[in-house]
Amino acid sequence: MRDNVFLENKKELELADFMNYADGSRGNLGKDIPVTIYRLLEYSIREQLIRQFGKETQIQVFQDAGSGQK
């Protein structure tokens with residue numbers, strides 16, 4: 001796979017970076033998203049994990065992510 005030139009020297013994002021919300025950054029959408037968008041994201045990640053690594057690994061990844069442990 002080729003390197004992505006747009007990601008070169010990009011800072012590694014942490015949780016605080018993802019949770020940061022700046023007024024006006026989403027126009028009239030506000031800081032909240034519909035639950036259906038979250039579910040779509042979760043579904044697509046789940047399906048990709050299953051395709052690449054299998055159902056058992058997908059379950060383990062979701063459990064590990066939800067535990068808050070590293």
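Me: A helix here is a DSSP run of H or I with at least four residues, and helices are numbered from the N terminus. Where does Gly-68 stand relative to α3, and what phi does Gly-68 take?

Reply: The model is a predicted one. Gly-68 comes just after α3, and its phi is positive, about 80°. Gly-54 comes just after α2 and also has a positive phi, about 100°.

Me: How many helices and strands does the protein chain have, and what pattern does it follow?

Reply: There are 3 helices and 0 strands. Along the sequence this reads α-α-α.

Me: How do you know what span helix α2 should have?

Reply: The expected span is 1.5 Å times one less than the number of residues. Helix α2 covers residues 35–53, which is 19 residues, so the expected value is 27 Å. The C-alpha atoms at its ends are 27 Å apart, in agreement with that value.

Me: What does the comparison give for α3?

Reply: Helix α3 has 13 residues, and 18 Å is expected at 1.5 Å a residue. From first C-alpha to last, α3 reaches 18 Å, close to the expectation.

Me: Why is the packing of α2 and α3 called oblique?

Reply: The two helices pack at an angle of about 135°, with axes 7 Å apart. That angle makes α2 oblique to α3, because roughly perpendicular ends at 115 degrees and roughly antiparallel requires over 145. The crossing of α2 and α3 is right-handed.

Me: Which residues make the contact between α2 and α3?

Reply: From α2 come Glu-42, Ile-45, Arg-46, Leu-49, Ile-50 and Phe-53, while α3 supplies Lys-55, Thr-57, Gln-58, Val-61 and Phe-62. Sorted by class, the contact holds 6 nonpolar, 2 polar and 3 charged residues.

Me: What makes Gln-58 count as buried?

Reply: Buried means under 20% relative accessible area. Gln-58 is at 5%, so it counts as buried. This residue lies in helix α3 and touches Arg-46, Leu-49 and Ile-50, leaving out residues up to four places away in sequence. Over the 70 residues of the protein chain, 3% count as buried.

Me: Why is Phe-62 called partly exposed?

Reply: Partly exposed is the band between the buried limit of 20% and the exposed limit of 50%. Phe-62 has a relative accessible area of 27%, so it counts as partly exposed. Phe-62 is found in helix α3. Apart from neighbours within four places in sequence, Phe-62 is in contact with Glu-42, Ile-45, Arg-46 and Leu-49. The C-alpha atoms of Phe-62 and Glu-42 are separated by 9.7 Å, with the two residues 20 apart along the chain.

Me: Why does Gln-48 count as partly exposed?

Reply: The relative accessible area of Gln-48 is 34%, so the label is partly exposed. Gln-48 is found in helix α2. Its C-alpha atom and that of Gln-58, 10 residues apart along the chain, are separated by 8.8 Å.

Me: How do you know which label fits Lys-31, buried or exposed?

Reply: Exposed means over 50%. Lys-31 stands at 62% relative accessibility, so Lys-31 counts as exposed. Lys-31 is in the loop between α1 (15–19) and α2. The C-alpha atoms of Lys-31 and Asn-20 are separated by 9.8 Å, and the two residues are 11 apart along the chain.

Notes
Residues numbered from 1 in each chain as written. Predicted model: local features only at pLDDT ≥ 70, side-chain atom pairs only at ≥ 80, totals over all residues. Heavy atoms only, no water. Axes fitted to C-alpha atoms, helices over the stretch in contact; angles between N-to-C directions. Parallel < 35°, antiparallel > 145°, perpendicular 65-115°, else oblique. Left-handed = near helix turned anticlockwise from the far one by under 90°. Contact = heavy atoms within 4.5 Å. Nonpolar A, V, L, I, M, F, W, Y, C, P; charged D, E, K, R; others polar. Buried < 20%, exposed > 50% of the residue type's maximum accessible area, 1.4 Å probe, protein only.
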